[in-house]
Amino acid sequence: MSIQHHPLDELLTAFAAGTLDLGQHVAVATHLTQCARCRDATQLMEHVGGAVLASLPPTPMSGDALTRVQARLREPIAYETPREEPGSGALDDIPGLPAFVRRYSAAPWKWIAPGVRLRPIQLPAVSGTRVFLLKSRPNTRMLEHTHTGMEMTCVLTGCFSHEAGHYGPGDFDLGDDSMRHNVMVGPAEDCICLVAMHGALRMAGFIGHLIQPFVRL
Amino acid sequence: MTAPDGQSAADSGDWARLIEAIALHQDRAAFAALFEHFAPLVKTLMRRSGVAESSADELAQETLLLVWRKAALFDPSIAGAAAWIFTIARNLRIDAHRRGQRGGVTEISGIDAEFHVDESPGPETRVAAAQAENRVRSALAALSEEQRRVMELSFYEEKAHGEIARILRIPLGTVKSRSRLAMNKLRNLLGEFS
Ligand SMILES: [Zn+2]
């Protein structure tokens, strides 16, 4: 099935500009791994970055800058192409993740509600955004919740739908601080999503209130 | 600033040839020319991204040092010289930012990996990058002054729309609509490429 829901252009621009925080970067990268259209768009934005760079007024470098760098040109090359580090292997069973995310470690799945499990992913740098996998059984009605910041969701397997449409593998959903109603998981298989959440999560209703302490990551 | 052949920097192909000269025979004169042109531009980019003066100078030096070291990886069919140098500078800035944070343990090859999201085996629907840079430049020139300004600001450090609105002293809604319009125009360009 083809991808229907893409990140906003602003988000793709911020990705190419390198101004997303790591958690949000991970969510957009997960979509890009599966979407050639958005990969092309971020590549275009890197060209725009080049054009912006080329059009900037120059700032004079310190007097000896060139000499100092020239003195280092013979140094053995410290740069290495990205290594294929094995990582923890914790995420090997999850399809659809970018290679660099598969090298991260992850906590075990934890139960958060009937039919719903959550698995935090440990980011290697400070991020204001928490990243976790959310696995829901077929036909689960996902918990209604609000959040204080931006929430990005990218579907890895299975599907869900809510008032804004149907979301399958690769689809990207951006939630703002409004509440999602009637999020239903599809009937065929488990739905696993990668979620990047900025700010605090608030469960709605009585059940949500009970679950709240477990959801803090 | 003038290009090595004495013309304006409009033709990015000249810069690409200099990077290839480094890759092929460690051409130090080519490196000096690239340094003189790009290091001051990268320094401005760093300064506008909120990096302090001394660090901006150092990061610009590091960027050009990586241009030397990675020259063999430069593929002019994927990115023009300026876009390639932009991505090196971007990744170095992210790396420096993380090092500045407590607990940030990354290295530049790790940041490179974070932007490597294309795992398809062969060349696929790539933006035809050979002339892309010059075309993107003319597309940017075709934007209105305000649209271009909003576009440019999104390439500096974490300028959320609210902050851009404050800098330009225009309402937030205006920033959003200008940003959307600018993006649409550039998207149309993308359509021409593919
Ligand atoms: Zn997409």
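What share of the contacts in chain B with a separation of 6 or more comes from residues 24 or more positions apart? The share is 55%. Keep in mind that this is a predicted model, then have a look at the close-ups below.

**View 1. The zinc ion sits among four side chains of chain A.** Two histidines and two cysteines do the holding here: A:His6 uses its ND1 atom, A:His31 its NE2 atom, and A:Cys35 and A:Cys38 each offer SG, at 2.0 to 2.3 Å. Angles among the four donor atoms run from 104 to 115°, which makes the site tetrahedral. For four tetrahedral donors, the ideal angle is 109.5 degrees. Follow the chain and you'll find the donors spaced as H-x24-H-x3-C-x2-C. Two of them, A:His6 and A:Cys35, link distant parts of the chain, being 29 residues apart. A:His6 belongs to the segment before helix 1 (9–17), while A:Cys35 is in the loop between helix 2 (22–34) and helix 3 (36–55). A:Cys35 counts as buried because its relative accessibility is 4%, under the 20% cut-off. A:His6, at 24%, counts as partly exposed.

**View 2. A:Asp171 is a buried acid without a salt bridge.** You'll find A:Asp171 in the loop between strand 8 (165–167) and strand 9 (172–175) of chain A. The nearest side chain of opposite charge belongs to A:Arg37, and that one is 9.5 Å away. Why does the pair not count as a salt bridge? Because a salt bridge needs the nitrogen and oxygen within 4 Å, and A:Arg37 is 9.5 Å away. What A:Asp171 does have is backbone company: its side chain reaches the backbone nitrogen of A:Gly168 at 2.9 Å, and a polar atom of that side chain lies 2.7 Å from the backbone nitrogen of A:His5. Leaving aside neighbours within four places in sequence, its contacts include A:Ile3, A:Thr153, A:Val155 and A:His166.

**View 3. A:His47 lies in helix 3 of chain A.** Is this residue buried or exposed? A:His47 is buried, with a relative accessible area of 1%. Now find A:Ala16: C-alpha to C-alpha, the two residues are 9.3 Å apart in space, though 31 residues separate them in sequence.

**View 4. A salt bridge crosses from chain B to chain A.** B:Arg90, in helix 4 (residues 81–100) of chain B, pairs with A:Glu46, in helix 3 of chain A. Their closest N and O atoms are 2.9 Å apart. B:Arg90 is buried, at a relative accessible area of 3%. Over all chains, the count of salt bridges comes to 12.

**View 5. Chain B is built from nine helices and zero strands.** Of its 194 residues, 52% count as buried. Helix 1 (residues 13–25) holds both B:Arg17 and B:Asp14, three residues apart, or about one turn of the helix. These two form a salt bridge with closest N and O atoms 2.6 Å apart. B:Asp14 counts as buried at 9% relative accessibility. Salt bridges that share partners also join B:Lys43, B:Arg47, B:Glu53 and B:Asp57 into one network. Over in helix 7 (residues 145–153), B:Glu145 and B:Arg148 are likewise three residues apart, and their side chains meet in a salt bridge at 2.7 Å, N to O.

**View 6. B:Ser49 sits in the loop between helix 2 (28–48) and helix 3 (53–70) of chain B.** The side chain of B:Ser49 reaches the backbone oxygen of B:Leu45 at 2.7 Å. B:Ser49 is buried too, with a relative accessible area of 7%.

Definitions and conventions. Residues numbered from 1 in each chain as written. Chains lettered and ligands numbered in written order. Predicted model: local features only at pLDDT ≥ 70, side-chain atom pairs only at ≥ 80, totals over all residues. Heavy atoms only, no water. Donors = N, O, S within 2.8 Å, 3.2 Å for Na, K, Ca; no water. Tetrahedral: all angles 85-135°; square planar, octahedral: opposite > 155°, others 65-115°. Helix = DSSP H or I, 4+ residues; strand = E, 2+ residues; numbered from the N terminus. Buried < 20%, exposed > 50% of the residue type's maximum accessible area, 1.4 Å probe, protein only. Lys, Arg positive; Asp, Glu negative; His and termini not counted. Polar contact = N/O pair within 3.5 Å; in protein donor to acceptor, adjacent residues only side chain to side chain. Contact = heavy atoms within 4.5 Å.
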